[in-house]
Amino acid sequence: MINTFFLAGEIKKVTVSEPKDPKKSPTALLLIQYGPVRESTGGPVEFVNAVPVRVPSYKYPSVKDKLKAGKRVQITGHLQGVFRTLIDEGSFTTELVADRVYVEGDSTSDADAE
């Protein structure tokens, strides 16, 4: 696949989204710090050296017990375009989606199972 990224960093936050349909598995959004923490400038734009990464519903159940704030991870994934409709207009964003997640120090963390 040409559409691939690799990211190494530390989990700062894990936010789980429970689906409305109980038959579906939850997803998670990880905030990954990939560089040094930068001081807040108080300006309208802050550069934080962190990005959100989506762990999709087919991947999350196999890695949920390993994903904790403070853990170092290596993630391989792909980009996904997201279009959200708002009243008369819409907005387009790009989302990082994890395909493989390796949690450092976890010998059972072969999260390559598809």
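Where is the place of K68? K68 lies in the loop between α1 (60-63) and β4. The structure that surrounds this residue is a predicted model, and the following paragraphs lead from its overall composition to its individual strand pairs before returning to K68.

The protein contains one helix and five strands. Along the sequence, these elements appear in the order β-β-β-α-β-β. A box of roughly 45 × 40 × 30 Å, taken along the principal axes, holds the C-alpha atoms of the protein. Of the 114 residues, 32% are buried. The accessible surface amounts to about 7900 Å², and carbon and sulfur atoms contribute 54% of that area. The protein carries 15 positive and 15 negative charges, and the mean positions of these two sets lie 4 Å apart. Among contacts with a separation of 6 or more, 53% are between residues 24 or more positions apart in the sequence.

The strands may now be considered together. In general, the strands of a sheet pair through backbone hydrogen bonds, in either a parallel or an antiparallel sense. Here the five strands form a closed barrel in the order β1-β2-β3-β5-β4, with mixed pairing. From one strand to the next, the twist averages 45°.

The description of the pairs can begin with strand β1 (residues 5-17), which runs antiparallel to β2 and is joined to β2 by seven bridges. Within this pair, V14 of the protein stands opposite L30 in β2. Strand β2 (residues 27-33) in turn pairs with β3 in the antiparallel sense, over six bridges. L30 has V53 as its bridge partner in β3, and L29 has R54 as its bridge partner in β3. L30 is thus linked to both neighbours, with V14 opposite L30 and V53 as its partner in β3. Strand β2 is also mostly covered, for five of its seven residues are buried.

Strand β3 (residues 50-55) leads onward to strand β5 (residues 89-103), and these two pair in the parallel sense over two bridges. R54, already met as the partner of L29, has V97 as its bridge partner in β5.

The next pair consists of strand β4 (residues 72-86) and β5, which run antiparallel and are joined by 14 bridges. In this pair, Q80 stands opposite E95 in β5. The two strands form a hairpin with two residues between them, and in this hairpin I87 takes a positive phi near 45°.

It remains to return to K68, in the loop between α1 (60-63) and β4. Is this residue buried, partly exposed or exposed? K68 has a relative accessible area of 43%. Buried means under 20% and exposed means over 50%, with partly exposed in between, so K68 counts as partly exposed. As for its position relative to another residue, K68 and G42 are 26 residues apart in sequence, and their C-alpha atoms are 29 Å apart in space.

Methods: Residues numbered from 1 in each chain as written. Predicted model: local features only at pLDDT ≥ 70, side-chain atom pairs only at ≥ 80, totals over all residues. Heavy atoms only, no water. Helix = DSSP H or I, 4+ residues; strand = E, 2+ residues; numbered from the N terminus. Buried < 20%, exposed > 50% of the residue type's maximum accessible area, 1.4 Å probe, protein only. Contact = heavy atoms within 4.5 Å. Areas by Shrake-Rupley, 256 points an atom, 1.4 Å probe, with all protein chains shown as cover. Lys, Arg positive; Asp, Glu negative; His and termini not counted. Charge placed at Lys NZ, Arg CZ, Asp CG, Glu CD. Pairing = 2+ DSSP bridges. Axes fitted to C-alpha atoms, helices over the stretch in contact; angles between N-to-C directions.
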